[in-house]
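I set out to record the side-chain contacts and enclosed space in this entry. My notes follow in the order in which I looked things up.

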Amino acid sequence: MKVYHVPSYDVMSQKAANLISAQIILYPQSVLGLATGSTPIGVYERLVDKHNNGELDCGGLTTFNLDEYCGLSEDDPQSYHYFMKSHLFSKVNINKEKIHLPDASAKDIEKECKRYDSQIEACGIDLQLLGIGNNGHIGFNEPGAVFEGDTHCVDLDESTILANARFFDDPNDVPRKAVTMGMKSIMLAKRILLVANGEAKRAILEKSLYGPITPLVPASILQLHPDLTVVWSD
């Protein structure tokens with residue numbers, strides 16, 4: 001485990017973007033696992049800057065996103081499809097055919113989850129970008145009795161709903177369910193990059209990185225990964 005404690009969000013974003021850029025430059029056909037939420041926005045902004053400056057070619061990449069809300073269309077401004085298009089996909093030369101997100105609007109969610117797992121398994125993930133929730137969730141893998149291995153539909157924890165309410169005009173509009181990549185796909189990634197920002201994340205990071213490995217703190221399973229890098233800022 002490598003842990004970088006940096007002084008600001010800007011430095012965190014730049015450090016993480018540099019690590020992802022190095023992966024892409026060394027291995028242009030890389031498969032990236034991508035995260036959403038407020039923390040990775042700065043990372044994506046800096047990747048876009050590198051692309052615009054001619055430092056980064058995204059043409060060979062394949063991507064898999066961690067999750068998507070149930071009940072939102074792909075063009076809903078609060079959907080993670082929309083988020084990724086706005087912050088990254090529409091701004092770099094990535095092949096749209098190689099962009100993958102779970103279809104949380106599928107009529108048969110169980111079938112969709114199996115389809116998504118099959119796609120991930122066929123490609124493998126070279127570098128997985130993660131954020132962390134205040135309750136220790138990664139993706140939308142919420143605290144529970146067991147670590148959920150496969151892509152699945154999850155009832156979002158009340159703390160997650162509350163934390164995400166800031167992105168919605170009405171807190172009642174926050175979806176209560178989501179489809180999320182499971183722990184198996186995350187842990188099978190060759191490399192994992194976890195980013196976190198703010199003093200409020202200090203306690204959960206300490207529990208996750210140095211406390212007991214337990215599904216009650218989902219991110220604690222990352223202690224078992226052979227190539228984990230953490231970049232966090234106060």
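**Aromatic pairs**

I first listed the ring contacts in this predicted model, and the structure holds six aromatic pairs. I looked up Tyr80 and Phe83, whose rings are edge-to-face, with 6.4 Å centre to centre and 80° between the planes. Both residues belong to helix H3 (residues 80-87), where they sit three residues apart, about one turn of the helix. I noted that Tyr80 and Phe83 are both buried.

I then turned to a second partner of the Tyr80 ring. The ring centres of Tyr80 and Phe140 are 6.2 Å apart with the planes at 25°, so I entered this pair as stacked; the cut-off for stacking is under 30 degrees. Where do Tyr80 and Phe140 lie in the chain? Tyr80 is in helix H3, whereas Phe140 is in the loop between strand S6 (127-130) and strand S7 (152-155), so the pair ties together parts that are 60 residues apart in sequence.

I checked the accessibility of both residues against the limit for buried, which is under 20%. Tyr80 has 9% relative accessibility and therefore counts as buried. Phe140, with a relative accessible area of 3%, is buried as well. I closed this part by noting one aromatic cluster formed by Tyr69, Tyr80, Phe83, Phe140 and Phe168.

**A charge over a ring**

I also looked up Lys15, which lies over the face of Tyr4 at 4.2 Å from the ring centre.

**Salt bridges**

How many salt bridges does the count come to? I recorded ten salt bridges, and I followed several of them individually.

I began with Lys50 and Glu55, whose side chains meet in a salt bridge at 3.9 Å, N to O. Is Lys50 buried or exposed? Lys50 counts as buried because its relative accessibility is 13%. Glu55, by contrast, is partly exposed, with a relative accessible area of 45%.

I next examined Lys177 and Asp155, which form a salt bridge with the closest N and O atoms 2.4 Å apart. This pair links distant parts of the chain, with Lys177 in strand S8 (residues 177-180) and Asp155 in strand S7, 22 residues apart. Lys177 counts as partly exposed at 39% relative accessibility, while Asp155 is exposed, its relative accessible area being 51%.

I then recorded the salt bridge between Arg202 and Asp234, where the closest N and O atoms are 3.4 Å apart. Here, too, distant parts of the chain are linked: Arg202 lies in helix H7 (residues 202-210) and Asp234 in the segment after strand S10 (228-233), 32 residues apart. Both count as partly exposed, Arg202 at 29% relative accessibility and Asp234 at 41%.

I noted last that Asp10, Glu45 and Arg46 are linked in a network of salt bridges.

**Enclosed space**

I searched for cavities and found one cavity of 30 Å³ or more. About 80 Å³ of space lies in the largest cavity. Which elements give two or more residues to the lining of the largest cavity? I entered helix H1 (9-26), strand S2 (31-34) and helix H2 (41-52). Among the residues that line the largest cavity are Ile20, Ile24, Leu32, Leu34, Tyr44, Leu47, Cys58 and Thr63. By class, I recorded eleven nonpolar residues, one polar residue and no charged residues in the lining of the largest cavity.

Definitions and conventions:
Residues numbered from 1 in each chain as written. Predicted model: local features only at pLDDT ≥ 70, side-chain atom pairs only at ≥ 80, totals over all residues. Heavy atoms only, no water. Phe/Tyr/Trp six-rings, centres within 6.5 Å; stacked < 30°, edge-to-face > 60°. Helix = DSSP H or I, 4+ residues; strand = E, 2+ residues; numbered from the N terminus. Buried < 20%, exposed > 50% of the residue type's maximum accessible area, 1.4 Å probe, protein only. Lys NZ or Arg CZ within 6 Å of the ring centre and 35° of its normal. Salt bridge = Lys/Arg side-chain N within 4 Å of Asp/Glu carboxyl O. 1 Å grid on protein atoms, 1.4 Å probe; cavity = no way out; pocket = protein on both sides within 12 Å on 5 of 7 lines; lining within 4 Å. Points joined across faces, edges and corners; volume = space filled by probe spheres on them. Nonpolar A, V, L, I, M, F, W, Y, C, P; charged D, E, K, R; others polar.
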